[in-house]
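Student: Before we discuss the assignments, please show me the sequence and the structure.
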Amino acid sequence: MRFIDEYRDLKLVQAYVEKIHEITTREWTIMEICGGQTHTIIKYGIDEMLPDKINIVHGPGCPVCVTPLEIIDKAIEIASTPGVIFCSFGDMLRVPGSKKDLFTVKSEGADVRIVYSPLDAVKIAIKNPDKKVVFFAIGFETTAPANAMAVWRAKELGLKNFFVLVSHVRVPPAMITILESPWNMINGFIAAGHVCTVMGYEEYEPIAKKYKVPIVVTGFEPVDILQGIFMLIKQLEEGRYEVENQYTRSVRREGNIPAKQLIFKVFEIADMKWRGIGLIPQSGFKLKKEFEEFDAEKVFSTVADINTEESQICISGYVLQGVKKPSDCPAFGTLCTPLNPLGAPMVSSEGACAAYYNYGRLKT
Amino acid sequence: MASEFNLNCPAPLSNYDKVLLGHGSGGKLTAELIKNIFLPAFQNPYLAELGDQAIVNVNGVKIAFTTDSYVVNPIFFPGGNIGELAVNGTVNDLAVGGARPLFISAGFILEEGFSLSELCAVVESMKKACERAGVILVTGDTKVVEKGKGDKIFINTSGIGVIEHDVEISPRKVKPGDKILINGPIGLHGIAILSRREGIEFEIEIESDTAPLNFLVQDILSVSKNIHWMRDPTRGGVSSSLNELAQSSNLGVEIWETEIPVPEPVKAACEMLGLDPLYVANEGKLIAVVAPEDAEKVLEAMRNNPLGREAKIIGEITEEHPGVVLMKTAIGGKRVVDMLAGEQLPRIC
C-alpha cells in the first residue's frame with residue numbers, strides 16, 4: 001500500500017533501532033500517550049528491539065479504556081429502553097458495565113448497531129423518524145470533530161429524534177495529572193499524532209516548559225514510532241525539553257482550524273471522570289447549552305441516578321497512568337483475558353492490557 | 001440417579017447466560033460452546049477429533065461425513081451467493097479430510113415473503129456448484145417460517161465422501177520442522193461480504209474466493225503421502241485454524257508475515273476498518289501442513305492448479321512455544337497471534 005508500506009520498511013526500522021542504541025547512555029522512562037501507538041509497538045515487537053535502558057510505559061490514550069463505568073451503565077440503560085436505536089463504535093460493545101455489556105443488551109432484543117461514523121447514526125435517525133436514535137459519542141480530540149459535526153447536522157436538519165451520550169476526553173489535562181502524580185517517573189512523551197492533527201501542539205508547549213519534559217508528536221507506523229523515540233531520546237540525552245513534530249505529513253502547529261472551530265461551536269470544556277483515574281478538572285468536552293436538546297442524559301432522565309463505583313480488583317488505573325505494566329496485575333492473563341475482561345484496557349484492541357495479552361503473551 | 005438430572009447448565013460461559021453473535025464467530029466463544037455444551041452431551045471418539053468432518057469406518061470403507069449451515073447476509077455478494085457457498089463449504093469440509101466428496105443434502109429454511117426468483121437464482125448456482133465439484137445433491141428438505149422469524153433464506157448442507165488412500169491426516173501426524181502451505185491470498189470472502197453489509201464502497205471490487213477445493217486436494221495427495229494436516233480457514237480466518245492446529249498438535253506454529261499473501265485491496269480495507277486480515281474469513285483457501293522434504297513438491301502441485309497459482313509456504317511447525325501461534329513480523333519483531341475472542345470489532349480510531 002502506498003504511503004503505508006514506506007513506513008513499515010525493514011531497512012529504515014533497523015537503521016533507527018541502531019541509531020537509538022548508539023545514542024542511549026542512560027535509563028529513560030518514556031510514555032506513548034495513544035492506544036493506537038501501544039498497538040503498533042506491541043504488534044510489531046518494537047519494544048523488544050529497543051535498548052534495555054529504555055522503559056516504555058503505555059499511557060491513558062485508549063478512549064474505550066478511559067470511559068467511566070458509570071457512562072457504560074448509562075449507555076446500557078438507554079440502549080435497553082424500548083423504541084431506541086443505540087449506535088456505537090464497535091469496540092464499545094464489549095466493554096463490561098457493572099452488570100452486563102452492550103452485546104448482552106443486544107442479545108436481549110435491543111436495537112444496538114455498530115457504525116463507522118457518527119454521521120451514519122444521523123442517517124439512521126432520518127430513516128427512522130418514529131425511533132429515538134442515540135449515538136455513543138466517546139473519544140479523544142480525534143473523534144470530537146466528527147461527533148460535533150453529527151450534532152451540528154442534526155440541528156441543521158431539525159431532527160428531533162437524534163441524541164448523543166457524550167463522554168469526551170482531552171489529552172493535555174491527563175498529561176498534567178500524570179506529571180503531578182507522586183509516583184511520576186515519566187521523562188518524556190510520545191504525543192498522539194491523530195489528536196494533534198486536529199488540535200495542533202501549541203497547548204503542549206507550556207507543559208514541556210513547566211515540567212521540563214520533551215514531547216515528540218508522533219505517527220502510528222513502525223518507522224514513525226521509532227523516529228519519534230529517536231527524537232525523544234536525543235532530546236533527553238542532550239538535556240533539551242522541547243515540543244518536536246515527527247508526524248509532519250499530518251500535523252501542523254496550529255492543527256486543523258475548521259475542525260477546532262466546529263468542536264468549540266458544539267462543545268465546551270468541562271470536568272470529566274476517567275475510568276481508573278477519577279475526576280480530572282477541565283479534561284473533557286460537554287455539549288454547549290444551545291445543543292442541550294441533543295443530550296441523551298437530559299432526554300433519558302432516569303440515567304441521572306446512575307452512579308457506579310469502579311471495580312476494586314483491576315489495577316487499570318495504575319496501568320493507564322503508566323505506574324504499573326499490565327503484566328504486574330495478578331489477574332492478568334488468568335482471571336482477566338479479552339474473553340472475560342475485568343477492566344477496560346483488556347477490552348479494546350487499543351487497550352494496553354489487550355495489546356500485551358494478544359501480542360506479547362510469551363513474555364509474561 | 002438423581003445426580004444425573006440437573007436442570008442447571010453446568011457450563012460457565014464466561015458470564016454470558018444468553019447466546020451472543022460472538023458465539024457464532026468461530027473464535028473462542030464458539031470453542032467454549034462446543035467444549036462446554038455439545039461435547040459433553042454427545043461424547044464419542046469421532047466427535048472428539050473436532051475435525052471439520054468425521055471419519056467413520058463402514059464395513060471397511062472409510063467415509064467422511066460433515067454438515068454446515070449458511071446464514072450469510074447479504075445472500076448475493078460480489079463473487080458468489082449463499083447457494084454456491086453452501087455447496088462449496090461442505091465439499092471443502094470433506095476435501096480437507098482427504099476425502100473425495102460424493103453426495104450432499106440440502107435443507108432450506110425460507111422466510112415467508114422471500115422472492116421466488118431469488119430462490120431460483122440461488123438454486124441455479126447450487127446446481128452449477130455441484131457440477132463443478134462433481135458432487136450429486138441426492139436429498140433435501142424445505143421449511144418456511146413466518147415473516148420476521150428468519151432472514152430470507154438459510155441453507156444447511158451435509159455431505160459424504162470416501163477416503164481412497166491410506167494417508168492419515170491428523171494433528172497427531174504433525175511434527176516439528178513441517179512446513180505450512182496456503183494456496184493463495186487471504187481475506188477476500190470476509191471483506192467482500194463486509195463491503196456489502198456495511199454499505200462501504202471500495203474503489204476496487206473485492207470478490208469472494210468461494211471455490212471447491214476437492215480437486216486441489218486430490219492434486220496434492222497425488223504427489224505426496226506426507227500431508228499431515230489440512231484445514232479450510234473459513235470463519236475466524238487463518239489465525240483460528242492455526243490456533244486449532246497449535247492446540248490439537250501441542251506444537252508451536254510459526255508464521256512469517258512477509259510470506260502471507262494479502263491482496264492490496266484487502267490490506268487497504270482492513271487498514272480502514274481496523275481489522276486484521278488473519279482473522280478475516282476465506283471460502284476457497286486451504287492450509288496444508290506437509291513434511292519438509294515434500295514441501296516444494298506440494299507447492300508446485302498447488303501452483304499447477306488454477307486455485308493455487310499464488311500458493312506460498314507461510315511458516316513451519318516448531319518444538320518451541322507449544323500451543324501458541326507466533327508471527328515473525330515484517331519489520332523483524334515477533335508477536336503472538338491469538339484466537340479471536342468474540343466478533344472482530346472495528347477499532348475506534
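Student: Which residues of H9(A) are called buried?
Tutor: This is a predicted model, in which local features need pLDDT of at least 70, side-chain atom pairs count only at pLDDT 80 or more, and totals for chains, interfaces and linings use all residues. Residues are numbered from 1 along each chain as its sequence is written, chains are lettered from A in the order in which they are written, and side-chain values use heavy atoms, without hydrogens and water. Buried means under 20% relative accessible area with a 1.4 Å probe, protein chains only, and in H9(A) this applies to A:Val171, A:Pro172, A:Pro173, A:Ala174, A:Met175, A:Ile178 and A:Leu179.

Student: Why is helix H9 of chain A called largely enclosed?
Tutor: Helices are DSSP runs of H or I with at least four residues; seven of the 10 residues of helix H9 (residues 171-180) of chain A are buried, so the rest of the structure largely encloses this helix.

Student: What makes A:Glu108 and B:Lys18 a salt bridge?
Tutor: The rule asks for a side-chain nitrogen of Lys or Arg within 4 Å of a carboxyl oxygen of Asp or Glu, and the closest N and O atoms of A:Glu108 and B:Lys18 are 3.8 Å apart, which satisfies the rule. Across the interface of chain A and chain B, two salt bridges are found.

Student: How many residues of chain A are in contact with chain B?
Tutor: With contact defined as heavy atoms within 4.5 Å, 41 residues of chain A are in contact with 39 residues of chain B.

Note on methods. Buried < 20%, exposed > 50% of the residue type's maximum accessible area, 1.4 Å probe, protein only. Helix = DSSP H or I, 4+ residues; strand = E, 2+ residues; numbered from the N terminus.
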